[in-house]
Amino acid sequence: MFDGLLHGFGVAFDPINLLYVFVGVVIGTAIGVLPGLGPTATIALLLPLTYALDPATAIIMLAGIYYGSMYGGTITSVLLRMPGEAASVVTTFDGYQMAKQGRAGPALGIAAIGSFIGGIISVIGLAIFAPMLANWALAFGPVAMVALMVLGLLLVTSLGTGSTWKALVMAAVGLLLASVGQDQISGMPRFNFGSASLLDGFDFVAIAMGLFGVGEILHNLEQGGHLHQVAKKVTKILPTRQDAKQSALPIARGSILGFFIGVLPGGGGVLSSLASYALEKRVAKDPSRFGKGAIEGVAGPETANNASSTSAFVPLLVLGIPSNVVLALIFGALLVQGITPGPSLIPQHPDIFWGVVVSMLIGNAMLLILNMPMVGVFVQMLRVPMGILVTFAVAIVLIGTFSIANDPFDIWIVLGFGVLGWLMKRTGFDPGPLVLAFVLGPILEASVRQSLLISGGDPSIFVSDPIALTIYSAIALGIVAVIVRRIVKGRARPALFDQARHIPPATGLLTIRRAKRAKAEATDASSGPAPADETSSAAGGEAEVRDGSAELSEEERATDARKP
């Protein structure tokens, strides 16, 4: 391993490769900032340029674009709640709320630091455990992937900031939308209503930009006619000591979780950020903070998605299995260069494997150095007047969506889901579970269909795999733990109410006077009616007492008001 790392340092520190690492991370950050573009379209456009490059140089640049976009996608997710990539959806839950509270700087700062740490830890793990983890990941067949996707969908339902049943409804709608288009096995059209534009199904960017981009703009215009001003001036980009303390464990857990999920074929940034957010919400002392600006909800998912984007190169380079569309394009770039990724890549082409590994160390350091000083520049863009900002945001959303397939139909999809997102905001439905279930749906369907084809239609295959049984057992234990936790809370509440009854009332002259008056009135009422003469005289005396008490109460009120 050490010989390989030394060889990788020699490749990565070549001046040409250093230049292309820098070019890759800068392009990646830029396309991450621009909602709707993303690394998929960018790498597809740049593939012809890689033909004239050395194979190691080409893959180093494309890899920089990939993990650099994870950094850039955080910026618009926090500032404008516009995730350009599925992995950035989770960041909008708490990052955008932090920005609305005037804490955009710490949110972006901790995201950059967490992404750097997650990337570095993932690169170290990639260099040490790549062969062993490749063999382990190979054991994940279609049956195990079904169990993993079921776990992912259950995690999706725990992300909603509202009620659980609303999150379940949104997840179901996301799965339904994912089924639109051609059947993955037979190729028959489904739910396209005769439209050729829907044969390929709905595009993720169109749905995400509509729900989070246009929907958020419409909601903000309805509320006050302006976009939320995230920050007029960034004064504290570096997290405070309290922020660092709260983020330390989420970053550590996100690094490990993201690394192992990224190794799995089909894992990637979506599932890792999703799992990290659900984990942090589960272990938090006060889960109600999540969705309202909890910094742990930014640190953990951002660390996890960057760690997974790095470790995803294990199945690509060692097994020849791309885990997502971006890595499939990088896979194609290697094939064009005459190199077939697989178990023989490391011994036959060590400059590619070890050069890419070491370049990731350099690229993550470059991203941290570039992004920390530039956070203020990106935050300042919200000082633009509302009319210009809204027009620019909508134009970027529509242009970015149209550029993917050059289909005007996608623009109507964006506008339609924008109206739907606005209605969801008004009715208390969170769009996050819908979008994430839409991403996981095709993977779940393909795994289910493949499993049934293998078993000849026998459903018992779903409980015949040891890995799947382990995941199902973990799911069952988690459900039991949630039920027990709610039962314990339900039993604890009456005890708290009983204790609250014995809490003495607040003291003070006015409070004591009112208590004495109430006791005197109760005594008079229980003593029965008085004779007429006594009643009249008592009434006169009572009137005098009331007048005196009223004057005294005003003085007492002033006295109480002056008390600290």
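Q: What makes the set that holds Leu148, Phe202, Ile207, Leu211 and Val435 a nonpolar core?
A: In this predicted model, the largest nonpolar core has 77 residues, and Leu148, Phe202, Ile207, Leu211 and Val435 touch the most other members. The name applies because a nonpolar core is a set of buried Ala, Val, Leu, Ile, Met, Phe, Trp, Tyr and Cys residues joined through side-chain atoms within 4.5 Å, where buried means under 20% relative accessible area, exposed over 50% and partly exposed in between (1.4 Å probe, protein chains only). The largest share of this core, 10 residues, comes from helix α9 (residues 204-224), helices being DSSP runs of H or I with at least four residues and strands runs of E with at least two, numbered from the N terminus. A second, separate core has 56 residues, including Ala87, Val123, Val358 and Ile362.

Q: How are the residues numbered, and which confidence limits and atoms apply?
A: Residues are numbered from 1 along each chain as its sequence is written. Since this is a predicted model, local features need pLDDT of at least 70 and side-chain atom pairs count only at pLDDT 80 or more, whereas totals for chains, interfaces and linings use all residues, and side-chain values use heavy atoms, with hydrogens and water left out.

Q: Which residues is Val435 in contact with, leaving aside neighbours within four places in sequence?
A: They are Val89, Phe204, Ile207, Leu211 and Phe212, contact meaning heavy atoms within 4.5 Å.

Q: Why is Ser122 called buried or exposed?
A: Ser122, which lies in helix α6, has a relative accessible area of 0% and is therefore buried. The side chain of Ser122 reaches the backbone oxygen of Ala307 at 2.7 Å, and Ser122 touches Phe259, Ala307, Thr310 and Ser311, not counting residues up to four places away in sequence.

Q: Why does Phe129 count as buried, partly exposed or exposed?
A: Phe129, placed in helix α6 (residues 104-138), has 36% relative accessibility, so Phe129 counts as partly exposed. Together with Ile124, Ile128 and Met132, Phe129 forms a nonpolar patch on the surface with about 370 Å² of accessible area.

Q: Why does Phe402 count as buried, partly exposed or exposed?
A: Phe402 is found in helix α17 (residues 386-405), and because its relative accessibility is 32%, Phe402 counts as partly exposed. Not counting residues up to four places away in sequence, Phe402 touches Asp407, Pro408 and Ile411.

Q: What makes the meeting of Arg190 and Glu445 a salt bridge?
A: The side chains of Arg190 and Glu445 meet at 2.6 Å, N to O, and the term applies because a salt bridge is a side-chain nitrogen of Lys or Arg within 4 Å of a carboxyl oxygen of Asp or Glu. The pair links distant parts of the chain, with Arg190 in strand β2 (residues 189-190) and Glu445 in helix α19 (residues 431-455), 255 residues apart. Arg190 has a relative accessible area of 19% and is therefore buried, and Glu445, at 17%, counts as buried too. Arg190 also meets Asp183 in a salt bridge at 3.4 Å, N to O.

Q: How do Glu296 and Arg289 stand in burial, and what joins them?
A: At 11% relative accessibility Glu296 counts as buried, whereas Arg289, at 28%, is partly exposed. A salt bridge joins them, the closest N and O atoms being 3.1 Å apart. Elsewhere, salt bridges that share partners join Asp183, Arg190, Glu445 and Arg449 into one network.

Technical notes
Patch = residues over 30% accessible without salt bridge, like charges linked within 9 Å, V, L, I, M, F, W, Y side chains within 5 Å. Areas by Shrake-Rupley, 256 points an atom, 1.4 Å probe, with all protein chains shown as cover. Polar contact = N/O pair within 3.5 Å; in protein donor to acceptor, adjacent residues only side chain to side chain.
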